[in-house]
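Welcome to a short tour of this structure. Please keep the sequence and the 3D view at hand as you read.

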Amino acid sequence: TVLFRCSEFQRLESEVAALRKQLDDLAVVVTKNRDAHLFPNGRSVGGKLFKTDGSQGSFESSKATCSQAGGQLASPKNASENAAVQQIIARHNKAAYLGMNDIQSEGTFAYLCGGEIGYTNWADEEPNNAGGKEDCIEMYLDGKWNDRSCTERRLIVCEF
Ligand code: 289
Ligand code: CA
């Protein structure tokens with residue numbers, strides 16, 4: 001058994017209180033930094049951050065840009081994440097590629113890390129694989145999805 005003397009216990013208590021204060025201060029700094037980083041071209045939702053640098057690229061170059069930045073191409077997995085990406089692209093007035101695609105297996109859209117997509121927000125009559133060569137997904141300004149050729153230029157939106 002370990003026996004603490006009263007004075008030892010009080011010292012530990014005040015150390016814990018000081019550490020708790022430091023953590024609270026740090027949380028304020030982190031939140032401020034996150035908000036500054038997201039202004040005005042990003043959104044935070046759940047644990048995810050979505051952000052654009054305002055540039056455009058094909059699916060492959062957008063994918064490379066996001067992974068070089070330490071993130072990946074925006075891949076919304078629910079209505080809240082979709083709304084966050086939609087707000088960014090509406091602000092820039094440009095459609096964006098999403099990460100999901102059916103390059104590997106026609107007709108089966110999968111996430112970049114593999115695995116069939118769960119949440120979808122297709123526009124009416126989509127996906128239609130027009131011309132037999134639409135393996136990527138663009139998000140329209142209203143947040144709806146269209147399968148589209150991977151070689152157009154679209155706003156680059158990454159998630160972190
Ligand atoms: O090349 C076809 C695309 O430009 C788009 O044309 C129409 O908006 C729809 O048929 C879309 O599905 C298609 O991706
Ligand atoms: Ca289409």
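Let us begin at the ligand. Around ligand 1 sit Glu126, Asn128, Ala130, Gly131, Glu134, Asn146 and Arg148. Sorted by class, this shell holds 3 charged, 3 polar and 1 nonpolar residues. Please bear in mind throughout that the model is predicted.

One member of that shell, Arg148, leads us into the strands. Arg148 lies in E6 and is the bridge partner of Cys136. The pairings of E5 are gathered here.

| Strand pair | Sense | Bridges |
|---|---|---|
| E4 (residues 96–101) and E5 | antiparallel | 3 bridges |
| E5 and E6 (residues 145–148) | antiparallel | 4 bridges |

Between E5 and E6 the hairpin has 5 residues, and Gly143 there adopts a positive phi near 90°. On the E4 side, Ala96 has Met139 of E5 as its bridge partner.

Is strand E5 covered or open on its faces? Both faces of E5, which spans residues 136–139, are covered: Cys136 and Glu138 are buried on one side, and Ile137 and Met139 are buried on the other. As for E4, 6 of its 6 residues are buried, so this strand is largely enclosed by the rest of the structure.

Ala96 deserves a closer look. Setting aside neighbours within four places in sequence, Ala96 is in contact with Ala74, Val85, Ile89, Glu138, Met139, Arg154, Leu155 and Val157. Ala96 also belongs to the largest nonpolar core, a set of 23 residues in which Ala74, Val85, Ala96, Leu98 and Val157 have the most contacts. At least two residues of this core come from each of H2, helix H3 (79–92), E4, E5 and E7. In soluble globular proteins, nonpolar side chains tend to be buried together.

Helix H2, which covers residues 59–68, is worth a visit too. Which of its residues are buried? They are Phe59, Ser62, Lys63 and Cys66. These residues lie on the same side of H2 because they cover an arc of only 100° around the axis. Among the elements that cover them are strand E2 (48–57), strand E3 (72–73), E4, E5 and strand E7 (154–159). After H2 comes Gly70, with a positive phi near 90°.

To retrace the route, E5 pairs with E4 and with E6, and E5 is also among the elements that cover the buried residues of H2.

Notes. Residues numbered from 1 in each chain as written. Chains lettered and ligands numbered in written order. Predicted model: local features only at pLDDT ≥ 70, side-chain atom pairs only at ≥ 80, totals over all residues. Buried ≥ 20, exposed ≤ 12 C-beta atoms within 10 Å, placed from the backbone. Pairing = 2+ DSSP bridges. Arc of directions from axis to C-beta. Contact = placed C-beta atoms within 7 Å. Near = placed C-beta within 6 Å. Nonpolar A, V, L, I, M, F, W, Y, C, P; charged D, E, K, R; others polar. Core = buried A, V, L, I, M, F, W, Y, C linked by C-beta atoms within 7 Å.
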